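Open the model in your viewer and keep the selection panel at hand. We will go from stop to stop, and at each one you will hear what to select and what is there.

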Amino acid sequence: MKIGSTLNDGKATDRINDEIRRRNSDPRGIIFRTFLQLGLFLALLILTVLLVDVVQNGWGTLSTRFGDFLSGTLRSRSIDEKLGVHQGLVGSFWIAVTTAIVAFPIGIGAAIYLEEYAPKNRLTRFIEINIRNLAGVPSVVYGLLGLFIFVNTFGKWTGGKSLLSAALTLSILVLPIVIITASEAIRATPQSLREGAYGVGATRWEVVRRQVLPYAAPGILTGTLLAMSRAIGEAAPLILVGAVTGRLGTNPGFLDLGALKERFVAMPIVITEWTQNSGRDPGFAGAAAAAIVVLLIFVLALNSIAILLRNRFEKRRK
Amino acid sequence: MSGTVTIEDLQTAPRRVRKERNAKFLLLFTALISVVISIVLVFSLFSEAWDFIVGIDWASTWSEGWYPRRGLYDVKTLFVATLITTGIAMAVAGPIGLAAAIYLSEYASSRTRAFIKPVLEILAGVPSVVLGFFALFFIAPEIIGRLNEDASAGSLAAAGVGVGLLTIPLVASVSEDAMKAVPLDLREAGAGLGARKSVISSRVVFPAAISGIVASFIVATSRAIGETMVVFIAGGAADSAGYTHSAFEGSLTMTAAMASLASGTDQVKGEGLTFQSLFFVGLLLFAITFMLNMVADRFVRRVQERY
């Protein structure tokens, strides 16, 4: 039977046939789709242009004096042979170590409590809402918190405007991220694993320790890696807790614990400082770009490992 | 004795009970730390900002500009600059992020998704100082400079575009989650009525996910308001700024003013109320972003309740 034959209007029959046969010509649909692709393409283009622009700017420094650049220090002139990022690397290294020591155990502990132990009451709901709100607080505001608590109130122990104050501030900043991602990983653990363990008489802690944590470990690790990458890329709170702008007298080694109580810089601060210096000494733009490449290598490596880990984790669960 | 089962045999060994109790208390303690942080945060903001509120000559908060060294703390300058950069940022991030989200949720094959999603996540992981550098050395001369030849080297427009790029992944991922949450039935019903894919996406999925999409815009706005380094580096003003409502001039946003106060020549703890003004601006910033986040949360909750 011919489609549309029940219609007595011949023109309508033709039109309906036309519509059905002309499967691929939907001009409005094509425009819509192209528009969407354009948006996506723009996002990719921006990332490419950004990376190319930064590498291009920094290539001069990176290709001619990479070793010296890594071991050099902050200088007042861009042509100084000893200009480099060593102090920044040391600062960022200790920030990463401190967040791992402080934020990860607290964050994972809080996530375990909220997912496995917490009764469904108002206190629990309050803690959860509170964590979500903390995750949305702008990073500069955490800087004020660090300034008030670590620099001023507990200055005697932290050394005031010190690397330790900065690292503790950033630990607080990433804490909500660790809690939220760890909670998600724990929640994804199958209930049957827990029930099996309870069935053979395990206590709650034993269930967490032997069943839940091993299963959720890759997911938790993903979150911690993302949190660490966020911490070493963050600059605003460091400025607030008194990162040095200008010259930093000391140049401690990587494992020098004494550096924790000294004044400090970190990679993002070095980049900010040199970018701003480029106004009076254009050579600093190249140095800033080179420092960005060094920072991006670390940040993107952490992010990529985290993404790969999560994708494998998700595949395993399916 | 043998053969009879006593209560002790059925009880968990005291050592295990003790361990269990210790674990519980320790974990509760870690969970409560986040509450302590919030309390300290609010307390520190209020206690220092209060000195500013009490001690300030209010005429100086509505004057010709933000000149902390001269005792002029014009909040209107900061508000307008923040409004301009945030507006430009959303004009950039909104359409691009939404288009990316619709494409990823409705059109992309799983292979395209497997490639595109990590790229967006990498863009989300780029530190804001890097975007600041990019805004100052690329966006300002190549894009803003071409739009307006009189634009200053760093400008609110350049900073706004930079902040926008930073928030694209946020808009994209939250919107995409909202659209993914729309049940397949709705799409199938649309297809059953003969709607084309473009119509299903724009007339069925989009309205069904609107709460989540609005939430993504609000979250992104809040993020843009709180973004510091891009505007600090590329905003075209240091330490102080006169009032302007032109996007092509340099000025200070709330966040940039805070960073300038903390790193400028006066340093934190300058004379007068500069130190306290830092906390005052921080308190305003905290209040604004807090309210936006609460509203966004409400919208997200609405999506979750419906589906």
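Start with chain B, coloured by domain: the C-alpha centres of domain 1 of chain B and domain 2 of chain B lie 34 Å apart. To set the colours, select residues 7-55 for domain 1 and 60-306 for domain 2 of chain B. Where the two domains touch, domain 1 of chain B gives eight residues and domain 2 of chain B also gives eight residues. On the domain 1 side of that contact in chain B, five residues are nonpolar, one is polar and two are charged.

**A look at confidence**

Before going further, keep in mind that this is a predicted model. Its scores are ipTM 0.90 and pTM 0.89. Colour both chains by pLDDT: chain A has a mean of 88, with 94% of its residues at 70 or more, and chain B has a mean of 88, with 96% of its residues at 70 or more. Which element of chain A has the lowest mean pLDDT, and which the highest? Select residues 10-21 of chain A for the lowest, helix H1 at 73, and residues 163-187 of chain A for the highest, helix H7 at 95. Where pLDDT is low, the predicted coordinates should not be read in detail.

**Where the chains meet**

Now show both chains together and select the residues in contact between them: 72 residues of chain B meet 73 residues of chain A. On the chain B side, helix H2 (residues 14-55) of chain B supplies the largest share, with 20 residues. By class, the chain B side that touches chain A holds 45 nonpolar, 18 polar and nine charged residues.

For a view of one residue with contacts across the chains, pick Ala43(A), which sits in helix H2 (residues 27-71) of chain A. Is Ala43(A) buried or exposed? Ala43(A) has 23 other C-beta atoms within 10 Å, and 20 or more make a residue buried, so Ala43(A) is buried. Show its partners too: beyond its neighbours within four places in sequence, Ala43(A) is in contact with Ile96(B), Ala100(B), Leu120(B), Leu123(B) and Ile168(B).

Ile96(B) and Ala100(B) carry numbers within the next selection, helix H3 (residues 75-107) of chain B. The 33 residues of H3(B) should span 48 Å at 1.5 Å a residue, and the 46 Å between its end C-alpha atoms agrees with this. Of these 33 residues, 24 are buried, so H3(B) is largely enclosed by the rest of the structure.

**Two bent helices of chain A**

Return to chain A and select helix H3 (residues 86-117), which has 32 residues. From its first C-alpha to its last, H3(A) reaches 45 Å, close to the 46 Å expected at 1.5 Å a residue. Zoom in on Ala103(A), where H3(A) bends by about 35 degrees; the proline Pro105(A) follows within four residues. H3(A) is mostly covered, with 23 of its 32 residues buried.

Next, select H7(A). Its 25 residues should span 36 Å at 1.5 Å a residue, which agrees with the 35 Å between its end C-alpha atoms. Look at Val174(A) for a kink of about 35 degrees, shortly before the proline Pro176(A). Here 23 of the 25 residues are buried, so H7(A) is largely enclosed by the rest of the structure.

From H7(A), move to Gly223(A), which has its place in helix H9 (residues 204-233) of chain A. Gly223(A) counts as buried, with 26 C-beta neighbours inside 10 Å. Leaving out residues up to four places away in sequence, Gly223(A) touches Ile177(A), Val178(A), Thr181(A), Ala182(A) and Ala185(A). Draw a distance to Glu314(A) as well: Gly223(A) and Glu314(A) are 91 residues apart in sequence and 14 Å apart, C-alpha to C-alpha.

**Last stop: helix H4 of chain A**

Select residues 122-136 of chain A, helix H4, and find Thr124(A) there. Thr124(A) has 15 C-beta neighbours inside 10 Å and counts as partly exposed. Apart from residues up to four places away in sequence, Thr124(A) touches Leu114(A), Ala118(A) and Pro119(A). The C-alpha atoms of Thr124(A) and Leu114(A) are separated by 7.1 Å, with their positions ten residues apart along the chain.

Finish on Arg125(A), also in helix H4 of chain A. Arg125(A) has 11 other C-beta atoms within 10 Å and is exposed. For a last distance, pair Arg125(A) with Arg310(A): they are 185 residues apart in sequence and 27 Å apart in space, C-alpha to C-alpha.

Key
Residues are numbered from 1 along each chain as its sequence is written. Chains are lettered from A and ligands numbered from 1 in the order in which they are written. This is a predicted model: local features need pLDDT of at least 70, side-chain atom pairs count only at pLDDT 80 or more; totals for chains, interfaces and linings use all residues. pLDDT is the predictor's confidence in each residue, from 0 to 100. Two residues are in contact if their C-beta atoms, placed from the backbone, lie within 7 Å. Ala, Val, Leu, Ile, Met, Phe, Trp, Tyr, Cys and Pro count as nonpolar, Asp, Glu, Lys and Arg as charged, and the others, Gly among them, as polar. The expected span of a helix is 1.5 Å times one less than its number of residues. The bend at a residue is the angle between axes fitted to the seven residues ending there and the seven starting there. A residue is buried if 20 or more other C-beta atoms lie within 10 Å of its own, exposed if 12 or fewer, and partly exposed in between; C-beta atoms are placed from the backbone. Domain bounds come from an automatic or database domain assignment.
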